[in-house]
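Good morning, colleagues. May I ask you to look at the chain on the screen while I describe its architecture and packing?

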Amino acid sequence: MKHSGYIKAIIIVVLLILLDRWTKHLASTFLAPDADGIPLIPGVFRLLYLENRGSAFGMMQNRQTFLILFTFVILAAVTYVFVKIPAGDRRMAPLRASIILIYAGAVGNLIDRISQRFVVDFFYFELIDFPIFNVADIYVTCGAILLVFLLLFRYKDEDLAFLKQHNK
């Protein structure tokens, strides 16, 4: 990928992170920690402030150091794949998009973990009692689903051979 491609990717990641940070700021400012939140669709969906000291679905509570280190490993892995994608290969645009989403979401939540020792979550589907989540979680989930779909249904082993090639 040419430098302009990297610059575009960085700009998109920064914009996605800024959107995540802004929504978390709004949640922290306008949603009280102990309140019932703001129902957007009564009985179905509400904005509800939560300080999540764990990972997805509330697992690994109070394991911030591990979660921070794990995030750095994920960021290194997706950066490696992104950099290895051949320049100008349009077939790999969906792979780039999935990596950008995963990267932005991981960094968005990493900023919270490092600065506050918890992640601000605020979207709650109360109809199905789904765990409370945030914009960064949406990025990671959509990016991961796209990545799995691409690996299962779009790309063949030979399409991803660039990952095994060594730089000269």
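By helices and strands I mean DSSP runs, of at least four residues for helices and at least two for strands, numbered from the N terminus. On that basis, the elements of this predicted model run α-β-β-α-α-β-α from the N terminus on. That order comprises four helices and three strands.

I turn to the overall dimensions. The C-alpha trace spans about 55 × 30 × 30 Å along its principal axes. The chain has 168 residues, of which 39% count as buried. Among contacts with a separation of 6 or more, 68% are between residues 24 or more positions apart. The exposed area is about 10,300 Å², and carbon and sulfur atoms supply 69% of it.

Next, helix H2, residues 64-84. Its 21 residues should span 30 Å at 1.5 Å a residue, and the end C-alpha atoms are indeed 30 Å apart, so the two values agree. Buried residues of H2 include Leu-67, Ile-68, Leu-75, Val-78 and Phe-82. What do the buried residues of H2 pack against? They pack against H1, strand E2 and helix H3.

Strand E2 also pairs with E3, in the antiparallel sense and over six bridges. Within E3, Phe-123 is the bridge partner of Leu-47. Strand E3, residues 119-125, is mostly covered, with six of its seven residues buried.

Finally, the surface. Ile-7, Ile-10, Ile-11, Val-14, Leu-15 and Leu-18 make a nonpolar patch of about 570 Å². Ile-7 lies in helix H1, residues 3-30. Ile-7 counts as partly exposed because its relative accessibility is 49%, and the exposed class begins over 50%.

Methods:
Residues numbered from 1 in each chain as written. Predicted model: local features only at pLDDT ≥ 70, side-chain atom pairs only at ≥ 80, totals over all residues. Heavy atoms only, no water. Patch = residues over 30% accessible without salt bridge, like charges linked within 9 Å, V, L, I, M, F, W, Y side chains within 5 Å. Areas by Shrake-Rupley, 256 points an atom, 1.4 Å probe, with all protein chains shown as cover. Salt bridge = Lys/Arg side-chain N within 4 Å of Asp/Glu carboxyl O. Buried < 20%, exposed > 50% of the residue type's maximum accessible area, 1.4 Å probe, protein only. Expected span 1.5 Å × (residues − 1). Contact = heavy atoms within 4.5 Å. Pairing = 2+ DSSP bridges.
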